[in-house]
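Colleague: I should like to go through the terms used for this protein and hear the grounds for each of them. Please set every value against its criterion.

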Amino acid sequence: MTRGFYIGRFQPFHNGHRNMVEQIANDVDELVLGIGSADDSHTVRNPFTAGERIMMITKSLVDTDLVTYAVPIEDLERNSVWVSHVQSMSPDFDVAYSNNPLVIQLFREANIEIRQSPMFNREVLEGTEVRQRMIHGGDWQSLVPDAVAEVVEEIGGIERIQMVSDSDSNGE
């Protein structure tokens with residue numbers, strides 16, 4: 001049995017993430033999804049809590065045959081020990097997946113096999129784009145699985161991200 005590890009902030013979990021999971025599913029029997037920046041929420045960059053992101057992922061992947069585990073990974077501002085921190089928060093895994101150059105380097109230095117996957121429609125399927133559309137009332141729903149849109153609605157996510165994106169300055 002092979003277990004993979006895929007880390008992301010998933011702010012929110014979007015169709016690009018879903019596509020990556022589907023690609024990884026061809027290689028592994030089980031997949032751990034590490035919820036990065038689990039300790040951060042209610043900001044424009046990280047509007048959703050770790051628990052809300054776990055709900056998004058779990059509901060989005062319920063129809064897949066792949067066994068998945070979503071685990072929160074709090075930020076650690078010491079890159080040299082980051083991989084051991086990830087390992088302490090996660091079930092054991094055989095291979096890690098990422099396209100982030102720093103993450104790739106850190107796993108390589110820890111002698112953990114790392115694989116990259118092609119990104120799916122990256123110019124649109126990117127968390128910043130989804131969040132900007134949420135803030136400005138654009139079509140963000142077409143960029144996420146239906147289950148994510150349902151969770152965002154349930155938690156009042158649009159109102160939250162719009163509120164935290166406002167400034168209390170008078171424009172000066």
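Colleague: Why does E22 count as partly exposed?

Modeller: The model is a predicted one, and every value here is computed from it. The relative accessibility of E22 is 38%. Buried requires under 20% and exposed requires over 50%, so E22 counts as partly exposed.

Colleague: Is R18 buried or exposed, and what makes it so?

Modeller: R18 has a relative accessibility of 17%. The limit for buried is under 20%, and therefore R18 counts as buried.

Colleague: What makes the contact of R18 and E22 a salt bridge?

Modeller: The criterion is a side-chain nitrogen of Lys or Arg within 4 Å of a carboxyl oxygen of Asp or Glu. For R18 and E22 the N to O distance is 2.9 Å, and the pair is accordingly called a salt bridge. Both residues belong to helix α1, where they are 4 residues apart, about one turn of the helix.

Colleague: Which residues are linked with R18 in a network of salt bridges?

Modeller: The network links R18, E22 and D63. Between D63 and R18 the closest N and O atoms are 3.4 Å apart, which satisfies the limit of 4 Å. D63 sits in the loop between α2 and β3 while R18 is in helix α1, so this pair ties together parts that are 45 residues apart in sequence. D63 itself counts as exposed because its relative accessibility is 57%, against a threshold of over 50%.

Colleague: How many salt bridges does the structure hold?

Modeller: There are 8 salt bridges in the structure. One of them joins E129 to R133, with the closest N and O atoms 2.8 Å apart. E129 and R133 are 4 residues apart in helix α5, so about one helical turn separates them. Both residues fall between the limits of 20% and 50%: E129 is partly exposed at 28% relative accessibility, and R133 is partly exposed at 23%.

Colleague: Why is strand β2 described as largely enclosed by the rest of the structure?

Modeller: Strand β2 covers residues 30-35, and 6 of its 6 residues are buried, so the strand is largely enclosed by the rest of the structure. E30, V32 and G34 point one way, L31, L33 and I35 point the other way, and all are buried.

Colleague: How do you know that β2 pairs with β1 and with β3?

Modeller: Pairing requires at least two bridges between two strands. Strand β1 (residues 3-8) is joined to β2 by 6 bridges, and the two run parallel; here I7 stands opposite G34. Strand β3 (residues 67-72) also pairs with β2 in the parallel sense, over 6 bridges, with V32 opposite Y69. From β2 the chain crosses through helix α2 (residues 50-60) to β3, in a right-handed β-α-β crossover.

Colleague: What makes β3 and β5 the edge strands of the open sheet?

Modeller: The sheet has 5 strands in the order β3-β2-β1-β4-β5, with parallel pairing. β3 and β5 each pair on one side only, and they are the edge strands. On average, neighbouring strands are turned by 25° against each other, direction ignored. At the β5 side, β4 and β5 pair over 3 bridges in the parallel sense, and Y97 stands opposite R115.

Colleague: Which residues touch the most other members of the largest nonpolar core?

Modeller: They are Y6, F13 and L33, in a core of 32 residues. Helix α6 provides the largest share of this core, 4 residues. Leaving aside neighbours within four places in sequence, the contacts of Y6 include H17, M20, L31, L33 and Y97. A second, separate core has 16 residues, among them V83, L106, I112 and I114. In soluble globular proteins, nonpolar side chains tend to be buried together.

Colleague: Why does S90 count as buried?

Modeller: S90 has 11% relative accessibility and therefore counts as buried, the limit being under 20%. S90 is placed in the loop between α3 and β4. Apart from neighbours within four places in sequence, S90 is in contact with F5, V32 and V71.

Terms used
Residues are numbered from 1 along each chain as its sequence is written. This is a predicted model: local features need pLDDT of at least 70, side-chain atom pairs count only at pLDDT 80 or more; totals for chains, interfaces and linings use all residues. Side-chain values use heavy atoms; hydrogens and water are left out. Buried means under 20% relative accessible area, exposed over 50%, partly exposed in between (1.4 Å probe, protein chains only). A crossover is right-handed if, with the strands pointing away from the viewer, the path from the first strand over the helix to the second runs clockwise. A nonpolar core is a set of buried Ala, Val, Leu, Ile, Met, Phe, Trp, Tyr and Cys residues joined through side-chain atoms within 4.5 Å. Contact means heavy atoms within 4.5 Å. Axes are lines fitted to C-alpha atoms, for helices over the stretch in contact, and angles run from 0 to 180 degrees between N-to-C directions.
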